[in-house]
Amino acid sequence: MTSDDPRSPKLVLGVDGSGPADAALEWAAAEAARTGRPLDIVFALPMPLVVMAEGPTRPSATLELMEHGEQVLDAAAERVRALAPGTRVEVFLVTEDPAPALLERAGHGDLLVVGSRGLGALRAAVMGSTSVRLAARAHCPVAVVPHERARTGRTGRIVVGVDGSEATLPVLRFALGRAREDGSSVVAVHSWEMATPFAPEALAASGWVPPDELLEKRSADLVAGVFEQVGDEAEGVEVSVVRSRQAPEAALLAEAEKSDLVVVGSRGRGGIRGLFLGSVSQAVLHGSPVPVVVVPHRAEEHPEETPWAGGAD
């Protein structure tokens, strides 16, 4: 499908007019220019719930607030068109909370883009517990762009976390697909930190040491098994594997420092389906110096609806 088809994959960007949100806008514009996808820009204007004698109600937005939202959207659209000429841009001013407003406009094949910080309501949508719900409940990947880009030069590396769970496959497929599009290499990170019921210090004091060779072999077998499942989707992509005894979030963040993008799942081993974002993904979201794409666990349930995860074209 072409970008003129309303059903074709698109980018959905949340804006609020703040300086920190500019990084997300610039990243989304670059994605639009690179992929040819259309871009929807959303400004959410939620009104507070007021308790009246007749019950709770939400007042209508004032004319001044609506005009402000329109100004923010006009400026954002103008900026995108300057950065990505030829991109089809549509703007939406909505009087609802940012998270549901964005989720409502993003389909399975789309990419949601938000900043890691902002002002007012949008900040609430991408920080803390609401950001967890946004990434955990989305049916499409969610890109969270840090407000301070630590590096502007391209490294050509995409980092992806693999843990052997079913959720790993759509995550790896997204990373490989993105790498094929822009010629990047993929660095697959697997942490083989071993959890024990005893404090590590006590074990070390007793003279016990973890069976490194066994753990490394299991890690190598796990990663090889994951790549075997994606088959020829890895062909043509330069792939390297980092196996680490660090905590998973530490291993991913260490690689993020020298990469362009980090790709993680909305949950992994031990996750509760559909309710929470995994602790590793949360830590990476809040600590990464580069954009992080969170791939939804729903991709494993409906691969035919998620072309970016190896489903239908």
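1. A good place to start reading this predicted model is the pairing of strand β8 with strand β11, which run parallel and are joined by 3 bridges. Within this pairing, I158 has L261 of β11 as its bridge partner.

2. Strand β11, which spans residues 261–265, also pairs on with strand β12 (residues 292–295), and here 4 bridges join the two strands, again in the parallel sense. One of the facing pairs can be named, since V262 stands opposite V292 in β12.

3. As for the surroundings of β11, 5 of its 5 residues are buried, so the strand is largely enclosed by the rest of the structure. Its side chains may be followed in two sets, with L261, V263 and G265 pointing one way and V262 and V264 pointing the other way, and all of these are buried.

4. Returning to β8, which covers residues 157–161, the reader will find that the loop between this strand and helix α6 (168–182) holds S165. Is S165 buried or exposed? Because its relative accessibility is 13%, and buried means under 20%, S165 counts as buried. The C-alpha atom of S165 is separated by 9.1 Å from that of V226, although the two residues are 61 residues apart along the chain.

5. Strand β2, made of residues 39–44, deserves a similar reading, for 6 of its 6 residues are buried, so this strand is largely enclosed by the rest of the structure. L39, I41 and F43 point one way from β2, whereas D40, V42 and A44 point the other way, and all are buried. The reader may wish to note that D40, which is among these buried residues, stands opposite V12.

6. Which strands pair with β2? Strand β1 (residues 11–14) runs parallel to β2 and is joined to it by 4 bridges, while strand β5 (residues 89–94) pairs with β2 over 6 bridges, also in the parallel sense. In β5, L93 is the bridge partner of F43.

7. A last point concerns the surface, where E64, E67, E70, D74 and E78 gather in a patch of negative charge. One of these residues, E64, is found in helix α2, which runs over residues 63–83. With a relative accessible area of 57%, E64 is exposed, because the cut-off for that word is over 50%.

Technical notes:
Residues numbered from 1 in each chain as written. Predicted model: local features only at pLDDT ≥ 70, side-chain atom pairs only at ≥ 80, totals over all residues. Heavy atoms only, no water. Buried < 20%, exposed > 50% of the residue type's maximum accessible area, 1.4 Å probe, protein only. Patch = residues over 30% accessible without salt bridge, like charges linked within 9 Å, V, L, I, M, F, W, Y side chains within 5 Å. Areas by Shrake-Rupley, 256 points an atom, 1.4 Å probe, with all protein chains shown as cover. Salt bridge = Lys/Arg side-chain N within 4 Å of Asp/Glu carboxyl O. Lys, Arg positive; Asp, Glu negative; His and termini not counted. Charge placed at Lys NZ, Arg CZ, Asp CG, Glu CD. Pairing = 2+ DSSP bridges.
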